[in-house]
Amino acid sequence: VKDGWGRGIDWAAVSPEELVTLLADDRFRVREQVFQALIAKDKALKNLSIDGDRFRVQGVQLQQRISINALPAIVSALKSPDARVRRDAVWLLYQTGSAGTGPAVNPMLDDPAPEVRIAAIQVLARIRDGSAVPGIPGRLQSNFAAERREAATALARTADGMVVPKLLRAYGQAVDRFEEHAIVYSLIEIGDRKALLSALEE
């Protein structure tokens, strides 16, 4: 592979928008460096001017934050025909820390590719987006065990007693101990004893 490590790319000069397009590059090492390059764009912004005042932003706060300037390009990447690009865009969007992450990622729960749906579930759970609750329980019926496990784990962070009956039905259909553990964990974290007893009686 020619220039497999992307050494011929002037990473410091590439714009955030151009960096996002490199998610579709055939070279693994190039795709891998996109995340770090976008982080570097923000690490360079040590001094910010807000309303005429100077604020010092510590580097440690920026180490895992993707440049907000890349947000439009990342959102566009969610529509890429390449599932790998869509998956990476979901994670990049999470790392921007944008308040729009939840609404943008929520539709990805219905993506045709399981790896994209799993990424969306994980991100929505991390940001504890309650608006995602209607979409996540449906993933408990997925044909992919990994997706079902992630959905159960995510509900522990985002849901309430309303999903307890669905978790119990999923438990009855679990195919292994890992899936059962994820569901039990979710039920414990939700901690709605009344909903649990009512669902068991039914």
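## Contacts and burial

In this predicted model, residues 24 or more positions apart supply 59% of the chain's contacts with a separation of 6 or more. The chain has 202 residues, and 46% of them count as buried.

The exposed area of the chain is about 11400 Å². Carbon and sulfur atoms provide 52% of that area.

## Secondary structure

There are 11 helices and 2 strands in the chain. Read from the N terminus, the order of elements is α-α-β-β-α-α-α-α-α-α-α-α-α. Helix H5 covers residues 83-96. Helix H10 covers residues 177-190.

## The aromatic pair in helix H5

The structure contains 1 aromatic pair. Its partners are Trp 91 and Tyr 94, set edge-to-face. The ring centres are 6.0 Å apart, and the planes meet at 85°. That geometry counts as edge-to-face because the angle of 85° is over the 60 degrees required.

Both residues sit in helix H5. They are 3 residues apart, about one turn of the helix. Tyr 94 has a relative accessible area of 26%, so this residue is partly exposed.

## A nonpolar surface patch

Tyr 171, Val 184 and Ile 188 make a nonpolar surface patch of about 270 Å². Val 184 belongs to helix H10.

How accessible is Val 184? Its relative accessible area is 35%, so Val 184 is partly exposed. Patch residues need over 30%, and Val 184 at 35% meets that cut-off.

Key:
Residues are numbered from 1 along each chain as its sequence is written. This is a predicted model: local features need pLDDT of at least 70, side-chain atom pairs count only at pLDDT 80 or more; totals for chains, interfaces and linings use all residues. Side-chain values use heavy atoms; hydrogens and water are left out. Rings of Phe, Tyr and Trp (its six-membered ring) pair if their centres lie within 6.5 Å; planes under 30 degrees apart count as stacked, over 60 as edge-to-face and the rest as tilted. Helices (H or I, at least four residues) and strands (E, at least two) are DSSP runs, numbered from the N terminus. Buried means under 20% relative accessible area, exposed over 50%, partly exposed in between (1.4 Å probe, protein chains only). Patches are made of residues with over 30% relative accessible area and no salt bridge: like charges are joined within 9 Å, nonpolar side chains (Val, Leu, Ile, Met, Phe, Trp, Tyr) within 5 Å. Accessible areas come from the Shrake-Rupley method with a 1.4 Å probe; for residues, only the protein chains shown count as cover. A salt bridge is a side-chain nitrogen of Lys or Arg within 4 Å of a carboxyl oxygen of Asp or Glu. Contact means heavy atoms within 4.5 Å.
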